[in-house]
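Trainee: I'd like to go through this one and check that the words we use for it hold up. Shall we take a look?

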Amino acid sequence: MTETRVLVTGFEPFDGDAVNPALEAAKQLHGRRLQVGPRTVSIQSEPIPTVFHKSIQVLRQAIVRHRPDVVVAVGQAGGRYAITPERVAINVDDARIPDNEGQQPVDEPIVPDGPAAYFSRLPIKRIVQTLREAGIPAAVSNTAGTYVCNHLFYGLMHLLATEFPGVRGGFIHIPFLPEQTVQREAPSMSLSDIVRGLEFAVQVSAEYATDVPLTAGREC
């Protein structure tokens, strides 16, 4: 029987919110073991600080500790109505608000002399199709922004390109939770639907990681 190890990360709350749905979903997924045909998918999760640079350091430590086959980083995208796998990470920090340690970089590269961008190594269109078939709103996103989410996404892909070439990974944005929209007009999604959607995303990503060699062209 084959086991695929998946690391799911979720950001800590930021910008005055008491909760971050990414972290809450990651907590619920921690320790789950999914049976997908002959394959067992084991999930471990880790919290990530909403802090430039420290977030990448914590992620790297988690990859070393858990030795995953797949990394699915998750972040909150307030205002979105759907679960949105990200297509591309760009090499720039341009923060509208400070991070949780007061840093607010403007037009700064994440990795000096690094590539302008990295594409996700997750099967983002298969994930979207699977979620929609399950009745969960989903869409491919072509921008992860320029805040800590994109920062971590780019940092993850740079780590996979330079230190962990046998690992696949990418980033998924999720909407607000309903309780976060009481004082703001914005769409939301229940935590149970977010967790269910991410579980589907993990299953599809685990299948793809096992079935497609890293030398093959990746799906966009």
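Trainee: In what kind of crossing does H2 pass H4, right-handed or left-handed?

Mentor: H2 passes H4 in a right-handed crossing, meaning the near helix is turned clockwise from the far one by less than a right angle, whereas anticlockwise would be left-handed. Bear in mind that this is a predicted model, where local features need pLDDT of at least 70, side-chain atom pairs count only at pLDDT 80 or more, and totals for chains, interfaces and linings use all residues. Residues are numbered from 1 along each chain as its sequence is written, and side-chain values use heavy atoms, with hydrogens and water left out.

Trainee: Why are H2 and H4 called oblique to each other?

Mentor: Helix H2 (residues 54–66) and helix H4 (residues 148–162) pack at an angle of about 40°, with axes 9 Å apart. Under 35 degrees is roughly parallel, over 145 roughly antiparallel, 65 to 115 roughly perpendicular, and the rest oblique. H2 and H4 are therefore oblique.

Trainee: Which residues of H2 make the contact?

Mentor: Ser55, Ile56, Leu59, Arg60 and Ile63 do, meeting H4 residues including Val148 and Leu159; contact means heavy atoms within 4.5 Å.

Trainee: What makes a set of residues a nonpolar core?

Mentor: Its members are buried Ala, Val, Leu, Ile, Met, Phe, Trp, Tyr and Cys joined through side-chain atoms within 4.5 Å, buried being under 20% relative accessible area (exposed is over 50%, partly exposed in between; 1.4 Å probe, protein chains only). The largest one here has 33 residues, and Val6 and Leu198 are among those touching the most other members. H5 gives the largest share, seven residues.

Methods
Helices (H or I, at least four residues) and strands (E, at least two) are DSSP runs, numbered from the N terminus. Axes are lines fitted to C-alpha atoms, for helices over the stretch in contact, and angles run from 0 to 180 degrees between N-to-C directions.
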